[in-house]
Structure formats: C-alpha cells, structure tokens
Protein chains: 2
Amino acid sequence: MTSEELAVHMHTNPVVVRRTMAGLRDAGFVQSEKGYGGGWVIARDLGTLTLRDIYNALGSPEFFALGNRTENPACLVEQSVNHALDSAFHEAETLIIERLGKVSLADLAADFHRRFDAYKKEKISHDL
Amino acid sequence: MTSEELAVHMHTNPVVVRRTMAGLRDAGFVQSEKGYGGGWVIARDLGTLTLRDIYNALGSPEFFALGNRTENPACLVEQSVNHALDSAFHEAETLIIERLGKVSLADLAADFHRRFDAYKKEKISHDL
DNA sequence: AATCACGTATCATATGTTGTTACATGAAAC
DNA sequence: GTTTCATGTAACAACATATGATACGTGATT
C-alpha cells in the first residue's frame, strides 16, 4: 500500500504515515519502495511479530502521563514521593510491556477478521 | 502557609497553587482562610490520608499517555487492539491505584525527615 | 522526459498545560 | 471605617507538544 492509501484509511496524512512507518522500516518490519508501483510491504512473519516489537521500534515512548517528572530531583519531598511510587510504576510498566509481547500481529489479524465477518453478516441481515 | 509561600517552594505561582489546592479543600483535606493571617492548614490526620485520596480529590486524572484513545471506535482494527490490551491497562492502573492507597502522608513525612536529617548531617560535615 | 512514491526538512495549526493579570470577596489590624 | 492581606476565580497570555501541510529532493517505472 502507498502512504496515501494508508493515510485515507487512518484519516490522516501521508507524511504522518511515513514518519511513523520510518520506525518500522528501520526495524526491518516493513519495506518501502520508491517510484511507480512503490509503497509499503510487510517484511516479517505476523505470527512472530508482537506489539512489543512495534512499541520498541517506535522508540518505546512513555506509557505514563503521571509519575516521576524528574529523575533525580533536588527537592526532598519529591524524592520521598518518587521513592514511594517508583516500584509501583515500574511494575505497572513491566506488566503492560509483557502483555504487549504476548499479542502478535497474527492474533490481531485473526480477531479483526472475526469482527469483519460479523460486521458483514450484520450488514447483510440489515439490508434484507 | 499562604499560596505565595507554597508557590515559592514549588517554583510556581500562587494562582496555580490555589487551583490545585481547591480540589483538596473541596475534599476537606485542607482548609483555607482569607484575609490577614490567612492561608492553608491541613485538616486531616496525615496517618489516614493516602496518596490515593489525594489522587481522587484532584479528579483522578488519566495515568496513561498511551492506550485507548477512543472508547468505542468504529474502526475494527482499533477495536481489536483495544480488546487485546484493555485488561492489561486496567490491571496496571489498578496496581498503581492500590499502591497509592498504601502510602500515607505520614509515611511521606517520616521519609522526608529522614532525608532532611541526612542532608543536614552531610551539610555540617561539609562545612567543617 | 514525465509520472509516481518515498524521505525529510520546514512551517502551520490545534490542543492542553501552565503562568499571569485583574478584580471581587472576606478577614484582621490600625 | 479604611487599609492591608489573602483567597476565589475569570480571563488572557505564554509555552510545549502533537499533528497536519507544504515544499523539494531522490530514486524507480513508464
């Protein structure tokens, strides 16, 4: 698919698609071709590619909106709060990342197709 | 203390302090007095007041920067991803909130004083 | 050559948070 | 009573981040 096609499906813009896909390309998960007939193709087996891989390829962004703002604050109060909550945030993050590692793109594809079949069925019965 | 004094300690601005403190006041954790000699006083026992109470009083803001953006998306792909990760995010959030409930302000105060004593000690030995 | 599509720098827009100003309300001091 | 002090809150400004858009370069196909 081209960035343009992907952008339409995601209701966004080809450049935004390319920005994100760049991470996946650098990780070798997809390949891109320039020129006529170019675009993006998947380059890895979906059964062994997990959301954790995607997450890492996209730069492992912060999960938490709250939490330790400063790593080594001079403020002693801030130090106390950080110390009290550090392990909790760490455990929560580990939990999520491990879960990401258990979801393969093949899993998602299968679930999507179930939903899509159900959608088609419902649509047909609605049209009758 | 006055909002002005608190603002200096937190390197921010009195109005910002009042905005945040308003949540704690509405929850009855602090009281404020106007006029000469006014300001903020703690109105609850620090031993039974936890970070979870504070978190709720402040409006239970979102913990996660990532995660389900849309609650019931029309997009089937988005539905699949949400379904695969919903429980993980839920468990992670529960873990953190439970941990917040185990940290009382008295705990934080005790930890702070330990740090403060250590700081004073170090400072004195440095000055000798 | 002309067209197509990615790669990427640069700028514009939108959004949310934080900081600031302004003014009203109420309380103590003189 | 009026002056000073401090909160309460609305309204506006400043800032940061994310997203969208434009422009132009590179390489590939027709």
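This report covers how two protein chains meet each other and two DNA strands in a predicted model.

## Symmetry of the pair

Chain A superposes on chain B by a rotation of 180 degrees, with 0.0 Å of shift along the axis. The RMSD of that fit is 0.1 Å. The two copies are thus related as by a two-fold rotation axis.

The interface fits this picture. Of the interface residues of chain A, 100% are also interface residues in chain B, so the copies meet through the same surface.

## The chain A–chain B interface

Each side is counted separately: 29 residues come from chain A and 29 residues from chain B. On the chain A side, the elements that give two or more residues are α4 (76-100) and α5 (105-127). The most come from α4(A), with 15 residues.

What is the class make-up of the side of chain A that touches chain B? It has 20 nonpolar, three polar and six charged residues.

## α4 against α4

The axes of α4(A) and α4(B) come within 9 Å. They cross at roughly 170 degrees. That makes α4(A) roughly antiparallel to α4(B).

From α4(A), the contact uses Leu85(A), Ala88(A), Phe89(A), Glu91(A), Ala92(A), Leu95(A), Ile96(A) and Arg99(A). From α4(B), it uses Leu85(B), Ala88(B), Phe89(B), Glu91(B), Ala92(B), Leu95(B), Ile96(B) and Arg99(B). The residues of this α4(A)–α4(B) contact divide into 12 nonpolar, no polar and four charged.

## α5 of chain A against α4 of chain B

A second helix pair joins α5(A) to α4(B). Their axes lie 9 Å apart, at an angle of about 125 degrees. The two helices are therefore oblique to each other. The crossing of α5(A) past α4(B) is right-handed.

On the α5(A) side, the contact is made by Asp107(A), Leu108(A), Asp111(A), Phe112(A), Arg115(A), Phe116(A) and Tyr119(A). On the α4(B) side, it is made by Leu76(B), Val77(B), Gln79(B), Ser80(B), Val81(B), His83(B) and Ala84(B). By class, the α5(A)–α4(B) contact has eight nonpolar, three polar and three charged residues.

## Surface near DNA strand C

DNA strand C has 23 residues around it. Which come nearest? They are Thr2(A), Ser3(A), Asn13(B), Val15(B) and Gly35(B).

Both chains supply elements that give two or more residues to this surface. From chain A these are α1 (3-9), α2 and β2 (39-42). From chain B it is α2. The largest share, five residues, comes from α2(A). The residues near DNA strand C divide into eight nonpolar, 10 polar and five charged.

## Surface near DNA strand D

DNA strand D is surrounded by 23 residues. The closest are Asn13(A), Gly35(A), Thr2(B), Ser3(B) and Ser32(B).

Here chain B supplies α1 (3-9), α2 (14-26) and β2 (39-42) as elements that give two or more residues, and chain A supplies α2 (14-26). Which element gives the largest share of the surface near DNA strand D? It is α2(B), with five residues. By class, the surface near DNA strand D has eight nonpolar, 10 polar and five charged residues.

Definitions and conventions
Residues numbered from 1 in each chain as written. Chains lettered and ligands numbered in written order. Predicted model: local features only at pLDDT ≥ 70, side-chain atom pairs only at ≥ 80, totals over all residues. Near = placed C-beta within 6 Å. Helix = DSSP H or I, 4+ residues; strand = E, 2+ residues; numbered from the N terminus. Nonpolar A, V, L, I, M, F, W, Y, C, P; charged D, E, K, R; others polar. Contact = placed C-beta atoms within 7 Å. Least-squares fit on C-alpha atoms with pLDDT ≥ 70 in both. Axes fitted to C-alpha atoms, helices over the stretch in contact; angles between N-to-C directions. Parallel < 35°, antiparallel > 145°, perpendicular 65-115°, else oblique. Left-handed = near helix turned anticlockwise from the far one by under 90°.
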